[in-house]
Amino acid sequence: QVQLVESGGGLVQAGGSLRLSCAASRRTFNSYSMGWFRQAPGKEREFVAAITWSGDDTYHADSVKGRFTISRDNARNTVYLQMNSLKPEDTAVYYCAADPRSGPTAQAMAVGLMPEYWGQGTQVTVSS
């Protein structure tokens, strides 16, 4: 079991930036693929970005490519989501997720794999 705690959400104007953080409770975090997902009111949860355990490979949804960047610091058991050029349609609850399974799980998150562990979510609101 691993606990994930997100932080960094808030209210920002369109065009602004936010940096989300997700702190994991276990040192074995270093071997987990990590991802960010989001869910807007009345919509299904959707993939945003994922990163392999090493950080060598990242995957981003088309809707955020060029604006959002996922990264991780294994020494700090933390994964980040840098969000730039925010748009009102980015408004959602953002969830951090972790998956311990071997194989290309980060890549699989981009095409529908649901990770095993989830944080409680952090609200991001972008005003126009």
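**Exercise 1. Determine how far apart the mean positions of the positive and negative charges of the protein are.**

Solution. The protein has 12 positive and 11 negative charges, and their mean positions are 4 Å apart. In this count Lys and Arg are positive and Asp and Glu are negative, while His and the chain ends are not counted. Each charge is placed at NZ of Lys, CZ of Arg, CG of Asp or CD of Glu.

The model is predicted: local features need pLDDT of at least 70, side-chain atom pairs count only at pLDDT 80 or more, and totals for chains, interfaces and linings use all residues. Residues are numbered from 1 along each chain as its sequence is written, and side-chain values use heavy atoms, with hydrogens and water left out.

**Exercise 2. Describe the architecture and overall dimensions of the protein.**

Solution. Step 1: count the elements. The protein contains one helix and eleven strands; these are DSSP runs numbered from the N terminus, with H or I over at least four residues for helices and E over at least two for strands. Step 2: read their order, which is β-β-β-β-β-β-β-β-β-α-β-β. Step 3: assess compactness. The radius of gyration is 13 Å, close to the 14 Å that the globule rule gives for 128 residues, so the protein is as compact as a globular protein of that length. The radius is taken over C-alpha atoms, and the rule is 2.2 Å times the number of residues to the power 0.38. Step 4: along the principal axes, the C-alpha atoms fill a box of roughly 40 × 25 × 25 Å.

**Exercise 3. State what share of the 128 residues is buried, and identify the largest nonpolar core.**

Solution. Step 1: buried residues make up 45% of the 128, where buried means under 20% relative accessible area, exposed over 50%, and partly exposed in between (1.4 Å probe, protein chains only). Step 2: the largest nonpolar core has 36 residues, and L4, M34, W36, V79, L81, M83 and Y94 have the most contacts inside it. Such a core is a set of buried Ala, Val, Leu, Ile, Met, Phe, Trp, Tyr and Cys residues joined through side-chain atoms within 4.5 Å. Step 3: the elements that each supply at least two residues of this core include β4 (33-39), β8 (78-83), β9 (92-99) and α1 (105-109).

**Exercise 4. Characterise the surroundings of F29 and D99.**

Solution. Step 1: F29 lies in the loop between β3 and β4, and F29 counts as buried because its relative accessibility is 0%. Step 2: beyond four places in sequence, F29 touches A24, M34, R72, D73, N74, N77, T78 and V79; contact means heavy atoms within 4.5 Å. Step 3: D99 belongs to strand β9 and is buried, with a relative accessible area of 0%. Step 4: leaving aside neighbours within four places, the contacts of D99 include Y32, S33, T105 and M109.

**Exercise 5. Which backbone angle is notable in N77 and S85, and where do these residues lie?**

Solution. Step 1: most residues other than glycine have a negative phi. Step 2: N77 is not a glycine, yet has a positive phi of about 55°; N77 lies in the loop between β7 and β8 and is buried, at 13% relative accessible area. Step 3: S85 also has a positive phi, near 50°. S85 lies in the loop between β8 and β9 and is partly exposed, at 40%.
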